[in-house]
Amino acid sequence: MNEIITYFSTIPSSHRSLILICGITIFWLIENAYPLFNFNYKKWHHAGINVFLTLTTVIINFLLAFILIKSANWTIVNNFGILQWLPPMPMWLYALTGLLLLDLIGAYLVHYIEHRTKFLWRFHLIHHTDTWIDTTTANRHHPGESVIRFAFTTMGVLIVGSPMWMVFLYQTLSLIATQFNHANISLPKKWDTVLSYFIVSPDMHKVHHHYKLPYTDSNYGNIFSVWDRLFGTFMTLPKEDIVYGVDTHMKTEEHNQLKNLLKIPFQKQQSNENY
């Protein structure tokens, strides 16, 4: 555990970038070999759009990183936050508690609120418009949503009182988890079901990308599945019944053109918009 803490206390930006690239590459290769769905689409064009949006997220997080660092350091110096107020415990339990709480605020809570707030949904909608969910979809976020999610992550750091090594560890696990559960891969049903009791499995998250309610408003988690089960937002749907996208943006020109995706939050919402 000490080695993990030491590594993530000083993890270089180059290593974090390498994790991002390796994750996409590995899951890309796996989903090509064992696809869940055989999409009829221009994979490289689709990936280009999603990778561009991923890069905007990386840049925004890099530019705002100093806020996260100062927030984490402030909680430690001022003995502020849930972790700082808990009694002494084994380091592994301390880390697990912190990761669970960061995932609750930095992933589940912001995701839930984005689905319940019309203004925030306008930005999150871009992620849901993808009708070909694969590992590149993982960070298909509008730049505006990247700022929103960063704000919630910072809030989580302050509330949880997490040291910076834990924040870096959480962000790394979150990145790998979202690449995994968005990947167009087919796991044996029993394996996926068992995984879904602990982490967000591919089948579990694919339900969230079904194009119609109430499935779109379910399975908000990113790393851990406990929050969906605890708060009653866990749902299942057979793989063969899943249709990706959002019923208001099913046309190719609406979801597969970068220029339009960037404009969606500022466009007049369609009359049959669900949110």
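Biologist: Where is Asn79 found?

Modeller: Asn79 sits in the loop between H3 and helix H4 (82-85). Keep in mind that we're looking at a predicted model.

Biologist: What should I read from its backbone, say phi of Asn79?

Modeller: General idea to start with: most residues other than glycine have a negative phi. Here, phi of Asn79 is near 50 degrees, so to speak a positive value in a residue other than glycine.

Biologist: And how does Asn79 count, as buried or as partly exposed?

Modeller: Partly exposed, because its relative accessibility is 43%, and that label covers values between 20% and 50%.

Biologist: What is phi of Asn219, and where is the place of that residue?

Modeller: Phi of Asn219 is near 50 degrees, again a positive value in a non-glycine residue. You'll find Asn219 in the loop between H10 and H11. This one is buried, with a relative accessible area of 0%.

Biologist: Now peptide bonds. Which one is cis?

Modeller: The general picture is that most peptide bonds are trans. In this model, the bond from Leu213 to Pro214 is cis, with omega near 5 degrees. Pro214 is in the loop between H10 and helix H11 (226-230).

Biologist: Let's try a whole helix. How many residues of H6 are buried?

Modeller: Eight of the 11 residues in H6 (residues 118-128), so call it mostly covered. Among the buried ones are Trp121, Phe123 and His124.

Biologist: What covers the buried residues of H6?

Modeller: The cover includes helix H3 (43-77), helix H5 (91-116), helix H7 (143-160), helix H8 (164-182), helix H10 (202-208) and helix H13 (258-263).

Key
Residues are numbered from 1 along each chain as its sequence is written. This is a predicted model: local features need pLDDT of at least 70, side-chain atom pairs count only at pLDDT 80 or more; totals for chains, interfaces and linings use all residues. Side-chain values use heavy atoms; hydrogens and water are left out. Buried means under 20% relative accessible area, exposed over 50%, partly exposed in between (1.4 Å probe, protein chains only). Helices (H or I, at least four residues) and strands (E, at least two) are DSSP runs, numbered from the N terminus. Contact means heavy atoms within 4.5 Å.
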